[in-house]
Amino acid sequence: MSEAGATSRSAGLPYAGRSASGGRPAAAALRVACGGEGFARARVFTRETLRGWSLDHRGDDAVLVITELISNAVTHAVPSAAAGAPEVRLGLALGPGVLTLTVSDPGDNAPVFNPSDGSALREHGRGLCIVDALAEEWGWTPRPPAGKTVWATLSTRSLT
């Protein structure tokens, strides 16, 4: 599993984007509020960005992956963060044949992947299993001095 592609594309900006035209990689980022409104905004942002990149066909999978990664960040990383206003950042980057989704949070703890134990009725602990099922690859990268970025890649090719 590679850890490449997990860097933030627009440090310090609440929203940034570049066109996918001209062969340049496109990128977009969003600061996410830690609550229901922030989750909804992240889903809309992801869908609108992918629509702008003509990747509507990857919208459902991308939104599900982003929702799981943000939910994990808010549940596990934000409560353990140092004092102050915790920040969760969403990043989308389009490269040749691949869409990279990133969520950066203030927590230093590694994501915990619990492969399915056959209990489809578990209420918690299935998020990274969903990410693992949908993504080509996923992983995480530390962000010194504190924090991490969890990333996942999706192919941009049509599934049909």
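A salt bridge is a side-chain nitrogen of Lys or Arg within 4 Å of a carboxyl oxygen of Asp or Glu. Keep that cut-off handy for the exercises below, and remember that you're looking at a predicted model.

**Exercise 1: get your bearings**

Work out how many helices and strands the protein chain has, and in what order they come.

*Solution.* Start with the count: the protein chain has three helices and six strands. Now walk along from the N terminus, and you'll read β-β-α-α-β-β-α-β-β. While you're at it, note that 42% of the 160 residues are buried.

**Exercise 2: a bridge between strands**

Show that Asp105 and Lys148 form a salt bridge, then find which parts of the chain this pair ties together.

*Solution.* Step one: check the distance. From N to O, the side chains of Asp105 and Lys148 are 2.9 Å apart, and the cut-off is 4 Å, so the pair qualifies. Step two: place the residues. Asp105 sits in strand E4 (residues 98-105), while Lys148 belongs to strand E6 (residues 148-155), so the bridge ties together parts that are 43 residues apart in sequence. Step three: look at the surroundings. Asp105 has a relative accessible area of 2%, making it buried, and Lys148 is buried too, with 4%.

**Exercise 3: buried or partly exposed?**

The structure holds four salt bridges. Take the ones formed by Arg58 with Asp61 and by Asp56 with Arg51, and decide where their residues lie.

*Solution.* Begin with Arg58 and Asp61: their closest N and O atoms are 3.0 Å apart, and both residues are buried. Next come Asp56 and Arg51, with 3.4 Å between the closest N and O atoms. Partly exposed covers the range between 20% and 50% relative accessible area. Asp56 has 46%, so partly exposed is the right label. Arg51 comes in at 47%, so partly exposed fits here as well.

**Exercise 4: the faces of helix H1**

Find out how the buried residues of H1 are arranged around its axis.

*Solution.* First, the dimensions: H1 covers residues 36-52, which is 17 residues, and spans 24 Å from first C-alpha to last, close to the 24 Å expected. Second, list the buried residues: Gly38, Phe39, Ala42, Phe45, Thr46, Thr49 and Leu50. Third, look down the axis of H1: these buried residues fall within an arc of 125°, so they line one face of the helix. Finally, check the other side of H1, where Gly36, Glu37 and Gly52 are exposed. One extra thing to spot: just after H1, Ser54 has a positive phi of about 60°.

How values were computed. Residues numbered from 1 in each chain as written. Predicted model: local features only at pLDDT ≥ 70, side-chain atom pairs only at ≥ 80, totals over all residues. Heavy atoms only, no water. Buried < 20%, exposed > 50% of the residue type's maximum accessible area, 1.4 Å probe, protein only. Helix = DSSP H or I, 4+ residues; strand = E, 2+ residues; numbered from the N terminus. Expected span 1.5 Å × (residues − 1). Arc of directions from axis to C-beta.
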